[in-house]
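Pull up the structure and turn it around a few times. Then let's walk through it together.

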Amino acid sequence: MSADAESARRTAEARAAVAASLAAVGSSVDNEMRTRATDLHKNSEAIAKQEKDLAKATNALAKESAPWQKLADTSTKKLNEIGDIQNWAEMLERDLLVLEETLRLVDGQDAPDSASGTVG
């Protein structure tokens, strides 16, 4: 073979080797990208299902919390009413003590020894 033919053969072999190497690298990268794309697709489906489940759970929790909120509001109102009744009772007791003291002064009696007004 001539030198030019030998050089052309070596060049062709080198080109073939480089092309095969590039094809192998491309195939490897392609397989890796396909695997990643498949994983992303599967993860996307899982996330979509979790979103749907979360939305259902959130709606159920909202429905469940409404009666509890109503109970809390009712309880708060009743506690306020009890406080109002207690204040009213205390005011009534003070008024009765003032009335009792006024009657005692009108009758000319001495001040009692006890806070309740009873004589021991």
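The accessible surface of the chain adds up to about 10,700 Å², with 60% of that area belonging to carbon and sulfur atoms. Keep in mind that this is a predicted model. As for burial, just 1% of the chain's 120 residues count as buried.

The overall dimensions go a long way here. Measure off the C-alpha trace along its principal axes and you get spans of about 150 × 30 × 20 Å. The radius of gyration says something similar in one number: the chain has 47 Å, while a compact globule of 120 residues would come out near 14 Å.

So what secondary structure does the chain have? It has one helix and zero strands. Helix 1 takes in residues 3-107, which makes 105 residues. At 1.5 Å a residue it should span 156 Å, and its end C-alpha atoms sit 148 Å apart, so the two figures agree. Just after helix 1 comes Gly-108, with a positive phi near 80°.

Now zoom in on one side chain. Glu-32 lies in helix 1, and its side chain is joined to that of Arg-36 by a polar contact of 2.8 Å. Is Glu-32 buried, exposed or partly exposed? Its relative accessibility is 38%, and because buried means under 20% and exposed means over 50%, Glu-32 counts as partly exposed.

Finally, zoom back out to the charges. The chain carries 15 positive and 21 negative ones, and the mean positions of the two sets are 20 Å apart.

Definitions and conventions: Residues numbered from 1 in each chain as written. Predicted model: local features only at pLDDT ≥ 70, side-chain atom pairs only at ≥ 80, totals over all residues. Heavy atoms only, no water. Helix = DSSP H or I, 4+ residues; strand = E, 2+ residues; numbered from the N terminus. Rg over C-alpha atoms; globule rule 2.2 N^0.38 Å. Buried < 20%, exposed > 50% of the residue type's maximum accessible area, 1.4 Å probe, protein only. Areas by Shrake-Rupley, 256 points an atom, 1.4 Å probe, with all protein chains shown as cover. Lys, Arg positive; Asp, Glu negative; His and termini not counted. Charge placed at Lys NZ, Arg CZ, Asp CG, Glu CD. Expected span 1.5 Å × (residues − 1). Polar contact = N/O pair within 3.5 Å; in protein donor to acceptor, adjacent residues only side chain to side chain.
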